[in-house]
Amino acid sequence: MFRYIVRRLLQMVLTFFGATFVVFALTFANQDDPLQALAGERPITESQRLALTERYHLNESFLTQYWYYMKGLLTGDLGTSLTGQKISAMLANAWPVTVKLALLAIVIAATIAVTAGVYSAIKRGGLFDNVTLIATLVVLAMPIVVLAPLAQLIFGIKLGWFPPTATRDASLWDLLLPALVLGSLVIATELRVTRTSVVENLRADYVRTARAKGLTRRRVIWVHVLRNSLIPVVTLIGVDLGGLMSGAIVTEKIFNIPGVGFNIARAITTEDGPLVVGFVSVLVIIFLVVNLLVDLLYAALDPRIRYE
Amino acid sequence: MSDPNAITAVEAPSLQPAGPRGRRGKSSDKPRSLAGDAWIDLRRNKIFWVSVVLVAVILLMAAWPTLFTSADPRACTLANQHGGATGTAYFGYDFQGCDVFAKTVYGARNSIIVGIMSTLLAGVIGLFFGLAAGYFGGWVDAVLSRGVDIMLGIPFLLGAIVLSNRLVTEKSDGVLAVTLTLGLLTWTSAARVMRSAVIASKNQDYVAAGRMLGATPYRLMARHILPNSIASFIVVLTILLGTNIASEATLSFLGVGLKNDAISWGISISEASPYARVATEPLVWPSIFLAATVLAFIMLGDAIRDAFDPKLR
């Protein structure tokens, strides 16, 4: 296990520098005139230009600039947005509601996916199985830009079952509809993986042994089989997180939830480059760390992975 | 594109290796190739035919929108704002007083252009990455695979927002920028599939035989390995085409995709969603068209994969 952790950590370091470097290069490489962009319409005097160049290290080489960016990122100093606010403070304001939304989405998606996945695996080839397979295909193909506005229109506005928008200190009830929309992004893959892995495990020898011992079918499926089948589903959480982050940008914009995604969407509209990059960099780091943790968890759950 | 074309793309290359076998045994029980088997499976699949018809209609719409509507999607009169359906404007009018039906029909073109071009770009990059990593192995594979890992370390939409924002210029309609963005960020899955398919087929006897006969690596790859590993690669690209169309709409919706005068389903949805309380049709119709297009390509890829997957036989 120790060797696996070391190897995985080394990989993570490489990916971390690679990914942040790509994001940095994409944003800051050969910009036209960042200072003019900062000043907007106003002309900049020569002395201001010099002072700003000094302050943002613009006369340094590309790699030195990347070094400053990394230093800021690691010490929690994300710079200031074009509106003059500290980006770290904006992030501190925005993340609680986003975390609440994402957790709610993950819980809803996992509950539905696992239950439905197990049922369709037991009744493989039956009506329920076929209907779920088609339903997952449709959900898989439904872009979030379609799902979110339509859900808001139908369930929020026309039927009035759910509040159509949410605020910063929204209750779980306010967040339920957006969380359902967000969760639908990952529910289809989770369901399919659960189903496949339960189907495989139902044929395993230990199931026959358990049945032969006289255990009830219910106990065999929901305890013995499910425990072994959930291992691949756990790894999906890491991959899904990237999808959830992307989905949160659209969902929060539509439902007016002032979280991280909402801020990114607004920063794009107001062309606030530093704000977009600051938020995106933090999300990339979170994504990498969660994926590392999930991989370690996977190795702890399934010893075969360590010796790959 | 009607169905025979869709199939020959997959069928043609895979037929080659089966050729000699077919020629030698001229008996009545001619062995069927993998693609031949797949085609017989596909013919019976209802989902396949539904998606083929959908794809055909959408491609027709993208190529000749005037077949569907004679209205000009850019001729908008504010007096018609949020007006109901009249005459040929079957879906009514949007906030700017534009014909929603005409705008939706014309929106297909940009979606298809961006979808196909970005998928081709991703396919080319993925093909070279996968072939090189799979065939040469060793340190080439190690370096290329770490590159893929780095790309996968960036959540897709976040990377796309940053890159597209960077590429799009003030005056352009953003088609080129979005195409490049999607192509440069989505090739990883195609590369991985290609790599594992190449590794699987490079250890086959016929490749060893070719090498013994003195074939160059280039010839081995182009004539022997590629045709035998291309099927799953094309399936991945078909599905990618669908998701790229969805991503284009998402980027346009957020304001970093198509812009200015461009007509796009994503822009239509973004413009209509604040007025959803007042007028639902400008929001609903582009959404339905977008979802149907994405679904059609994903179903097509799914059906072809099922036909080619021997495990399900």
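From the N terminus on, the elements of chain B run α-α-α-α-α-α-α-α-α-α-α-α. In this predicted model, the secondary structure of chain B thus amounts to twelve helices and zero strands. Of the 313 residues in the chain, 46% count as buried. Among contacts in chain B between residues at least 6 apart in sequence, 69% link residues that are at least 24 apart.

One pair of helices illustrates the packing within the chain. The axes of helix H10 (residues 217–254) of chain B and helix H12 (residues 281–308) of chain B come within 9 Å and cross at roughly 170°. Since angles over 145 degrees count as roughly antiparallel, H10(B) and H12(B) are therefore roughly antiparallel to each other. The crossing in which H10(B) passes H12(B) is left-handed. On the H10(B) side, the residues making this contact include B:Ala231, B:Val235, B:Ile239, B:Gly242 and B:Ala249; on the H12(B) side, they include B:Leu290, B:Val294, B:Phe297, B:Gly301 and B:Arg305. By class, the residues of the contact of H10(B) with H12(B) comprise 14 nonpolar, five polar and one charged.

Both helices also take part in the contact between the chains. That contact draws 37 residues from chain B and 39 residues from chain A. On the side of chain B that touches chain A, two or more residues each come from helix H5 (138–152), helix H6 (156–167), H10, helix H11 (265–272) and H12 of chain B. H12(B) gives the most to this side, with nine residues. The residues of the side of chain B that touches chain A divide into 23 nonpolar, nine polar and five charged.

Key. Residues are numbered from 1 along each chain as its sequence is written. Chains are lettered from A and ligands numbered from 1 in the order in which they are written. This is a predicted model: local features need pLDDT of at least 70, side-chain atom pairs count only at pLDDT 80 or more; totals for chains, interfaces and linings use all residues. Axes are lines fitted to C-alpha atoms, for helices over the stretch in contact, and angles run from 0 to 180 degrees between N-to-C directions. Helices (H or I, at least four residues) and strands (E, at least two) are DSSP runs, numbered from the N terminus. Angles under 35 degrees count as roughly parallel, over 145 as roughly antiparallel, 65 to 115 as roughly perpendicular and the rest as oblique. A crossing is left-handed if the near helix is turned anticlockwise from the far one by less than a right angle, and right-handed if clockwise. Two residues are in contact if their C-beta atoms, placed from the backbone, lie within 7 Å. Ala, Val, Leu, Ile, Met, Phe, Trp, Tyr, Cys and Pro count as nonpolar, Asp, Glu, Lys and Arg as charged, and the others, Gly among them, as polar. A residue is buried if 20 or more other C-beta atoms lie within 10 Å of its own, exposed if 12 or fewer, and partly exposed in between; C-beta atoms are placed from the backbone.
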